[in-house]
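Notebook open, coffee poured. I want to look up one helix pair first, then the empty space inside the protein.

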Amino acid sequence: MGTASDRFGTSWFEASRTRLASLAYRLLGSGADAEDAVQDAFLRWQAADRERIDVPEAWLTKVVTNLCLDRLRSAQVRHERTAGAWLPEPLLDGDPMLGPADTFEQRESVSLAVLTLMERLSPVERAVYVLREAFSYSHAEMAQILDITESASQQHVHRARTRVADERRRSVEADPASARRIVEEFLAAAASGRTERLVALLTDDVTALSDGNGLAKRLLKYTTPQQVASYVRAGFKPTPAKRRLAGGAPTFHFALVNGSPAVLAVVDHRVVGAVAFEVRDGKVASLRGIGAAVRLGRINEAWSRHEPDAPVLATW
């Protein structure tokens with residue numbers, strides 16, 4: 001009969017890697033940071049006395065969760081995120097880091113909108129929200145993972161759900177076909193310079209966030225249809241400077257990013273920008289523009305293996 005070290009060796013860890021990476025991505029909002037956390041957990045797994053580990057899945061979940069909490073509490077990360085210069089890293093649909101995605105709650109927990117909202121939660125609130133909503137852990141299990149009481153776990157979950165729900169009370173899942181149609185109409189209006197048509201495609205309470213292609217010290221935020229339309233029109237207006245910044249003239253492709261409709265700007269098969277949309281009642285309710293190269297590494301890896309449809313906008 002094999003030892004615990006034999007039974008729970010490297011191959012067992014590798015079988016758990018995707019689940020652990022999905023957990024870490026939801027907690028950190030960064031694919032690269034999630035991979036680092038999982039690799040750190042692997043090193044701890046190798047060094048551990050596995051004879052004393054009764055339930056490897058629980059042990060690894062606890063290790064990865066606490067590694068992520070340590071990262072969220074670090075001074076550097078707190079400063080960057082408090083300063084308002086942070087947006088989640090977008091992932092192309094089909095990326096295993098987005099799983100599980102069987103329920104609405106699981107899909108919503110990995111949306112860019114909710115990942116952004118979770119920045120308002122404390123690290124422990126973020127952890128219990130993810131463990132509960134995305135992975136269906138019980139309060140008893142979460143208490144063990146986080147070294148808190150079951151009562152505290154219940155209180156943290158209630159507060160986290162309330163804070164997210166207050167902002168997401170009108171959230172709905174859009175039909176993919178109709179969402180694509182609206183996004184294509186929106187892109188056509190943006191490219192044509194028809195600002196009035198852009199405004200007509202926006203909800204009255206539309207919001208837009210942008211990292212300014214990674215050049216801005218703080219996130220750029222727009223909160224009225226007119227502001228959003230002007231921002232979009234300016235962003236899609238071609239100029240020699242923008243072409244130099246992008247490395248060429250991009251084509252624009254429709255894609256699904258973190259479960260939401262999106263437009264990707266692509267130059268020589270390289271994604272140089274992503275705009276993710278939320279669609280509600282036939283209109284665009286929010287946009288998130290991400291252009292910082294540091295946040296586009298994983299989506300570029302996926303895009304290099306992807307067979308895209310014809311661009312929705314090929315001349316720019």
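**Entry 1: a helix pair.** Note to self: this is a predicted model. I looked up how helix H8 (residues 123-133) sits against helix H9 (residues 139-146), and got an angle of about 140° with the axes 11 Å apart. Anything over 145 would count as roughly antiparallel, so I have to log H8 and H9 as oblique to each other. I also checked the hand of the crossing of H8 and H9, and it came out right-handed.

Next I pulled the residues that make this contact. From H8 I have Val124, Ala127, Val128, Leu131 and Arg132, and from H9 I have His139, Met142, Ile145 and Leu146. What is the split of the contact of H8 with H9 into nonpolar, polar and charged residues? I get seven nonpolar, one polar and one charged.

**Entry 2: the second largest pocket.** I put the volume of the second largest pocket at about 780 Å³. Its lining runs to 32 residues, and those closest to the centre are Asn213, Gly235, Val272, Gly273 and Gly291.

Then I asked which elements give two or more residues to that lining. On the helix side I noted H13 (225-236), H14 (240-246) and H15 (297-304). On the strand side I noted S2 (220-222), S4 (260-267), S5 (270-280) and S6 (283-290). S5 gives the most to this pocket, with six residues. By residue class, I wrote down 20 nonpolar, nine polar and three charged for the lining of the second largest pocket.

**Entry 3: cavities.** How many cavities of 30 Å³ or more are there? I count one. For the largest cavity I have a volume of about 50 Å³.

I listed what lines the largest cavity: Ser111, Leu112, Ala113, Ser260, Ala276, Phe277, Glu278, Ser286 and Arg288. Helix H7 (112-117), S5 and S6 are the elements that give two or more residues to this lining. Which of them gives the largest share? That is S5, with three residues. The lining of the largest cavity divides into four nonpolar, three polar and two charged residues.

**Entry 4: a cross-check.** I went back over S5, since I'd written it down twice. S5 gives six residues to the second largest pocket, and three to the largest cavity. S6 also turns up in both of my lists, for the pocket and for the cavity.

Terms used
Residues are numbered from 1 along each chain as its sequence is written. This is a predicted model: local features need pLDDT of at least 70, side-chain atom pairs count only at pLDDT 80 or more; totals for chains, interfaces and linings use all residues. Side-chain values use heavy atoms; hydrogens and water are left out. Axes are lines fitted to C-alpha atoms, for helices over the stretch in contact, and angles run from 0 to 180 degrees between N-to-C directions. Helices (H or I, at least four residues) and strands (E, at least two) are DSSP runs, numbered from the N terminus. Angles under 35 degrees count as roughly parallel, over 145 as roughly antiparallel, 65 to 115 as roughly perpendicular and the rest as oblique. A crossing is left-handed if the near helix is turned anticlockwise from the far one by less than a right angle, and right-handed if clockwise. Contact means heavy atoms within 4.5 Å. Ala, Val, Leu, Ile, Met, Phe, Trp, Tyr, Cys and Pro count as nonpolar, Asp, Glu, Lys and Arg as charged, and the others, Gly among them, as polar. On a 1 Å grid over the protein atoms alone, a cavity is a set of points where a 1.4 Å probe fits but cannot get out, and a pocket is an open set with protein on both sides within 12 Å along at least five of seven lines; lining residues have an atom within 4 Å of a point. Grid points are joined across faces, edges and corners, and a volume is the space filled by probe spheres set on the points.
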